[in-house]
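Good morning, colleagues. May I ask you to turn to the sequence and the structure as they come up on the screen.

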Amino acid sequence: MEHTVSYLGLIPLFPLLGALILGVMHISTCTGKPFSEKLYGVLGCIGPVISFIYALIVYFQLKGMPADSRFLIHDAFTWFSVGDLHITMGFLADPLSSLMLVFVTFIGSLIHIYSVGYMSGDENFGKFFSYMNLFLGSMLILVLGSGPVVMFVGWEGVGLCSYLLISFYCKDTDNVLAGNKAFIVNRIGDLGFVLGMAFLFWAIGASGFDYLSLRENSHLLTPGIGLVVCLLLFVGACGKSAQIPLYVWLPDAMAGPTPVSALIHAATMVTAGVYMVARFSFIYAHVPVAGAVVAWIGILTALLAAIFGMFQHDIKKILAYSTVSQLGYMFAGVGVAAYSAGIFHVFTHAFFKALLFLGAGSVIYALHHQQNIWKMGGLKEKMPKTYWSMLIGALALAGFPPFSGFFSKDEILFSALASGHTGIWFIGVAVAGITAYYTFRLIFVVFHGQPRDKKAFDHAEDAPAVMTIPLMVLAFGALCAGFLNLPGIFGGNLNVSHWLAPSLVEHHPHTSLTVELLAMALTIAIIVTGIVIAYKKFASGAEEPEYTGFAKFAYNKFYVDELYNTVFVQPYKAIGSVIWKSLEPNVTDIHVKVSSWLYRKAGTGFKIFQVGYVRVYAVYMVIGLSIISLLLSQSLN
Amino acid sequence: MIQNYLILSVILFCIGILGVVSRRNVLIVFMSIELMLNAANLAFIAFSRFHESMDGHVLALMVMAVAAAEAALALAVVILLHKHKGKLDTDVFSLLKG
Amino acid sequence: MFQYVLSVMIFMPLLAGLFVLAAPISKGIARLAGFIVTGIILLLGIELFLGFSGSAGMEYVESRVWIESLGVNYSLGVDGISLLVLFTCALLFPLIFVVFSTRTKGFYANLLICQGAMIGAICATDLVLFYIFWEIMLLPIFFMIGLYGGPGRLAATLKITLYTIAGSLLMLAALVYVGVAYHTQFGEWSFNIVQLAKLNLSGGYAVLAFVMFMLAFAIKIPLFPFHTWLPDAYTEAPTSTTFVLSAIMAKIGVYAVIRFVIPVFEIEFARFAILLSLAGVVGMMYCGLAAIAQKDIKRMLAFSSASHMGVIALGVFCMNVQALTGSLFQIVAHATSTGVLFLFVGLMEEKMQTRNITDLGGIAYRAPIFATFFAIAMLASVGLPGTSGFIGEFLIILGAVKFNAFIGILSGTTLIIGVCYMLWMFQRVFFEKPKELTEKFTDLNMTEVLTFLPVILLIIFMGIFPQPFLKKIEPAAQKHIAEFSTVAPTVIVDTTVPSEGLNHQKN
Amino acid sequence: MFAEWLFAAFSILAVLGGIGLVTFRHPMNSAMSLVVTMISLAGLYALLSAKLIFAIQLIVYAGAIMSLIIFIIMFLNVRTEDLPEEKGRFLYLFGGVVVLAPVFFFLKKIIQSIPATKATILGDGFGGIKEVGLVLFKDWLLPFEIVSILLLVALVGAVVLAGKRRMSK
């Protein structure tokens with residue numbers, strides 16, 4: 001079977017080219033008359049769509065191959081090669097990356113189309129699409145990269161685009177600050193990634209630093225180095241996928257336009273960390289300790305973010321925390337070595353979270369950039385299409401059967417239970433309940449009850465078709481995606497898991513059917529309880545609450561931002577100014593200061609000999625002569 | 001034999017130095033320098049005699065010429081100083097003090 | 001004809017500089033002449049780069065007896081180690097002549113002399129010849145800062161001059177020691193670096209000589225804690241001089257360490273490598289932290305430059321192929337990115353008469369092309385993949401991890417530190433609301449776009465296709481490391497391991 | 001034998017003259033002592049068969065230069081009150097002797113290490129005008145010319161320095 005194909009590299013190239021063309025077009029007309037939005041829109045959407053078509057081709061080509069050797073590679077050129085280090089700008093499509101490829105390009109295309117409507121009228125329309133295309137290109141490099149270094153290109157590229165798009169409305173300082181925060185926090189993660197790569201390379205990378213070679217040599221990895229590599233790589237994943245302690249940037253990232261939040265900060269980029277851990281499953285599988293760390297951090301993040309989500313007012317912030325929470329689930333999944341479950345949750349989550357964000361975008365669009373849910377209400381009648389699609393998204397997010405989220409989340413929880421991580425399972429179930437509660441709090445407050453802001457309510461209406469059609473497509477996906485991986489007890493045979501299996505190193509633990517059913521029933525019960533509580537509290541029009549005590553504490557996110565600010569940011573700046581104001585002139589410069597001081601002192605010291613009488617100078621001379629004579633006459637004999 | 005001449009030359013030279021460093025009268029300082037030049041001349045001539053070469057004579061001649069030039073200039077300077085300060089004390093001229 | 005290309009590249013700008021200085025011509029003609037001369041040098045440099053075969057040895061060798069009694073030769077040559085430094089030096093000078101116009105004739109003359117001396121220092125393979133060019137290099141810098149600098153130029157000039165002269169005089173003493181040592185060991189005089197590499201130096205004097213050499217180069221690089229001349233000099237110097245200082249002169253310091261110190265003092269170098277690399281890392285962090293406290297963009301970039309030089313120096317001290325190649329590559333990458341940033345700051349200063357970050361804002365709306373170029377250079381400077389900065393930094397961090405895991409981890413923080421101050425500055429200067437001064441800011445005109453575009457494209461090209469560059473330098477780096485490691489490891493084993501063993505026994 | 005006696009006499013006179021030079025308070029007395037030294041030295045030159053130098057010493061040195069000095073002293077019309085106080089000059093002289101002692105003994109040591117040579121009988125021409133002249137204009141031409149330039153410069157300098165000048169304020 002021929003594994004080398006020459007078009008894999010083109011997949012990321014199309015959006016990148018699009019980004020270049022759009023960027024040049026935008027810059028050249030920035031101060032003059034811009035091109036029409038139609039032109040930008042069409043050019044902006046072409047790249048993603050072509051990539052999507054190629055992604056499908058790749059998928060079907062892989063499908064036609066025998067299951068145990070399903071991969072395609074395309075080594076475009078030698079990127080750099082120094083000593084033992086040979087990095088090829090290569091692309092690899094295997095079941096794992098092809099799954100990511102398909103849904104990233106699919107959702108990416110949909111969101112591009114949606115953005116044509118959402119961004120219309122914006123003066124930086126061209127810039128927006130240029131960045132979006134650049135993002136998609138980077139994301140595709142990340143997904144398709146044949147080795148960690150190529151992946152890192154996409155990894156940093158999406159970080160850059162995230163920065164650019166968060167600070168898209170860059171006249172507002174807060175947005176730029178949010179962008180800076182995102183980039184810097186991501187960079188902290190990238191540090192982990194780079195160091196992880198370095199350790200990995202020196203351990204087993206000498207005979208090839210791409211996934212296929214690494215996987216072959218992974219047995220050579222000693223447990224100690226393996227642990228170090230796993231933890232360092234996980235730091236990278238934490239940064240990108242917003243896990244404790246690096247999750248703080250994601251809620252702030254909602255400063256960007258809503259399609260950006262949907263595409264980058266919900267559906268694709270933030271799941272890169274999960275993808276990376278799954279990619280390195282052949283290492284993580286060797287180091288169970290690292291897996292446990294990943295799982296625990298994931299599930300704790302899920303809990304923390306869910307608690308924050310319960311008390312937020314901003315519709316996008318609620319969704320942002322739910323994203324963090326769901327990412328926590330995914331890490332719990334990959335942490336307990338259920339990689340396919342984690343990736344499957346990535347997959348379903350992409351649909352329903354993109355859907356929810358785009359729905360929220362429609363609401364915000366309709367209410368003229370109002371984001372506070374306590375200023376909304378009763379929108380169900382005015383925006384039925386949005387309402388119904390969002391409801392599907394909410395049910396999927398809450399994990400209500402038979403929506404997609406149910407299957408993926410349940411698979412993770414079940415894997416945690418089956419692999420003996422009862423604590424994780426327990427917290428996971430609790431978080432599922434909380435998730436259901438805050439999701440339906442949002443739905444009920446926004447769409448049910450009485451309108452709280454009459455004026456805005458009167459103007460609200462469903463968005464134009466270019467925006468609602470993607471919503472419906474995504475709603476369909478959120479509804480049905482779960483059936484792709486139907487577990488055995490529902491008569492399915494875990495199609496996605498089997499598809500992914502060749503790319504991953506995992507083993508499926510087995511427990512009795514009773515336990516599985518009981519656990520599932522418990523989860524569903526908790527979810528329903530969450531929805532019911534939300535219904536009781538909010539369905540009939542509650543007013544904006546005054547938070548006190550724990551609620552206030554949680555509303556302010558446990559003051560973690562403030563804590564980081566005092567513990568890291570302020571000291572960092574303080575150290576900088578201490579260095580500049582005190583250390584640099586007084587301590588570091590000490591060798592210069594001391595030597596110049598010595599010179600000056602020596603000068604004033606020798607000054608006293610300069611009496612001004614020529615006679616005395618002659619005496620000096622004679623004394624010198626005399627001393628020399630003494631010395632010489634010593635040596636004469 | 002030659003040692004005697006040379007030692008005499010050294011003695012005269014040292015006396016000259018003594019005059020330069022210990023006297024404050026400009027004219028005496030100047031004459032002490034002349035004495036030192038003469039001491040050097042004596043050494044030249046003595047060497048010349050014992051090496052039976054006349055290069056020393058030539059050098060002595062040149063020293064004399066230099067001494068004459070020096071005398072002309074130095075005395076001009078002395079006159080100038082006397083005109084300005086009315087004194088012959090070297091310590092009056094201490095403009096070099098740092 | 002092409003075999004004398006190095007001499008031509010050295011003496012053409014030198015003579016042209018003297019001519020411009022002496023001839024009664026207007027500054028416009030001087031500028032044109034300077035541009036033509038540097039342009040020719042650039043073409044020669046490109047031709048030389050393309051013609052370089054990528055073997056490990058010296059190419060374009062020239063050798064003439066100069067001072068026979070002391071074995072001093074006028075010998076020049078280029079190998080993989082000097083190739084990229086030379087290329088950078090040839091590449092960047094024409095930019096200055098295009099971009100800056102408000103200087104007098106003497107300034108252009110100084111620039112030309114500076115280029116000649118720098119190329120001389122890069123190509124010299126004789127220690128004495130190198131020393132001479134190394135000293136000549138300082139003169140034009142002295143005049144450029146002292147005559148054309150900012151308000152605090154006198155103090156800055158004195159500081160940089162005394163600092164570097166102190167270093168070079170130490171080097172001169174050490175150079176004499178090396179020559180004498182060669183004479184006692186082999187019975188003849190030679191200062192050729194190939195011959196000197198055979199020296200087997202040990203003992204207290206060798207350590208002293210090593211320290212003296214290193215001090216001279218550490219001051220030039222500048223390595224922590226000898227960087228204190230840098231903020232003042234970079235800030236007070238006219239921008240084009242700052243550009244020369246940071247983009248090229250600092251690199252010659254690093255280059256000289258590789259070329260002259262490592263082959264001669266393998267043993268001492270291996271002993272001090274850990275200390276030196278710590279100095280590099282600490283300097284990187286220290287200067288990076290200091291950068292965040294700056295209000296003046298130029299001073300901020302000065303600290304940023306010092307910070308990156310720490311990383312580049314670290315790559316040299318790690319002594320493995322990846323790190324060394326990374327350093328050599330990063331020399332070009334950093335020269336283009338930070339150099340261009342300095343030029344941009346110069347442009348901003350010319351247009352708005354200020355460099356104060358707090359006075360600026362919102363330039364991105366006024367000047368999108370400028371902002372884009374600036375952003376690309378900035379991203380290269382923070383080492384984003386896809387730009388030239390990444391390859392070098394990645395290789396250096398990779399090598400540092402192998403050299404010493406702790407230092408490797410510390411060196412990785414450059415990824416974070418660099419981003420912090422750069423983004424902070426970018427936010428205040430290019431984003432946010434436009435301020436009074438920036439309202440009038442105009443975008444780059446066509447000439448300027450065409451001037452900067454090749455460099456910006458080069459930054460991206462080197463990020464995506466670094467192999468053509470790496471291919472030429474890697475064999476030389478391999479050879480260098482191989483020669484080094486035949487001598488050094490035995491020493492390291494001999495000296496450090498037993499003492500560690502003793503410590504363990506005591507504990 | 002006679003030559004030794006002459007040498008002793010001349011050298012004692014020369015030293016005494018030198019001591020007088022540095023000890024007398026009035027410059028006129030000092031100058032007279034210096035003349036004594038000069039003339040004794042001329043005698044010593046004669047003993048060393050340096051005929052030309054002997055003559056020049058008497059004519060130029062003892063004659064011209066010394067009379068110039070004495071002339072200046074008289075020209076300045078120095079009175080005893082105008083002279084510097086110089087109270088501690090004998091103390092200074094003593095200090096000077098102490099400081100100079102090592103120099104003297106060092107030079108003495110060197111001189112004594114020179115191998116002693118007996119004075120040989122010289123030919124008639126040694127030190128005569130013709131012979132010295134030949135050496136001077138053959139081997140020492142360039143230094144001679146340079147010295148003449150020096151004299152010229154000194155001449156001009158003396159004129160400029162001592163000459164009347166308009167007070168420029």
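I shall speak about the contacts between the chains, then about individual helices and about chain B. Please bear in mind throughout that this is a predicted model.

Let me begin with the chain pairs. Which chains share the most contacts? Of the 4 pairs of chains that touch, chains B and D have the most contacts between them. In that interface, 70 residues of chain D meet 60 residues of chain B. On the chain D side, at least two residues each are supplied by helix 1 (2–23), helix 2 (27–47), helix 3 (51–76), helix 4 (89–113), helix 5 (129–138) and helix 6 (141–162) of chain D. Helix 4 of chain D gives the largest share, with 12 residues. By class, the side of chain D that touches chain B consists of 54 nonpolar, 10 polar and 6 charged residues.

Helix 4 of chain D merits a closer look. With 25 residues, it reaches 35 Å from its first C-alpha to its last, close to the 36 Å expected at 1.5 Å a residue. Where does the kink in this helix lie? A kink of about 40° is found at D:Leu100, shortly before the proline D:Pro102. D:Leu100 is also buried, as are D:Gly96, D:Val103 and D:Phe106 in the same helix. Against what do the buried residues of helix 4 of chain D pack? Their partners are helix 27 (614–636) of chain A together with helix 1 (2–22) of chain B.

That brings me to chain B itself. Its secondary structure amounts to 3 helices and 0 strands, in the order α-α-α from the N terminus on. Chain B has a radius of gyration of 16 Å, well over the 13 Å that the globule rule gives for 98 residues, so chain B is more spread out than a compact globule. The C-alpha trace of chain B spans about 50 × 25 × 25 Å along its principal axes. Even so, 59% of the 98 residues of chain B count as buried. As for contacts within chain B, we may take those between residues at least 6 apart in sequence; 47% of these join residues at least 24 apart.

I turn next to chain A, where the domain assignment gives domain 1 (351–555) and domain 2 (562–636). The C-alpha centres of these two domains of chain A lie 72 Å apart. Elsewhere in chain A, helix 4 (residues 125–144) has 20 residues, which should span 28 Å at 1.5 Å a residue; the end C-alpha atoms are 29 Å apart, which agrees. Is helix 4 of chain A mostly covered or mostly open? It is mostly covered, with 20 of its 20 residues buried.

Finally, chain C. The contact between chain C and chain A takes 45 residues from chain C and 43 residues from chain A. Among the elements that give two or more residues to the chain C side are helix 11 (266–292), helix 13 (321–352) and helix 21 (467–506) of chain C. This side of chain C has 29 nonpolar, 11 polar and 5 charged residues. Chain C does not touch chain B, and the nearest C-alpha atoms of those two chains are 24 Å apart. Nor does any contact join chain C and chain D, whose closest C-alpha atoms lie 31 Å apart.

Thank you for your attention.

Note on methods:
Residues are numbered from 1 along each chain as its sequence is written. Chains are lettered from A and ligands numbered from 1 in the order in which they are written. This is a predicted model: local features need pLDDT of at least 70, side-chain atom pairs count only at pLDDT 80 or more; totals for chains, interfaces and linings use all residues. Two residues are in contact if their C-beta atoms, placed from the backbone, lie within 7 Å. Helices (H or I, at least four residues) and strands (E, at least two) are DSSP runs, numbered from the N terminus. Ala, Val, Leu, Ile, Met, Phe, Trp, Tyr, Cys and Pro count as nonpolar, Asp, Glu, Lys and Arg as charged, and the others, Gly among them, as polar. The expected span of a helix is 1.5 Å times one less than its number of residues. The bend at a residue is the angle between axes fitted to the seven residues ending there and the seven starting there. A residue is buried if 20 or more other C-beta atoms lie within 10 Å of its own, exposed if 12 or fewer, and partly exposed in between; C-beta atoms are placed from the backbone. Domain bounds come from an automatic or database domain assignment. The radius of gyration is taken over C-alpha atoms; the globule rule is 2.2 Å times the number of residues to the power 0.38.
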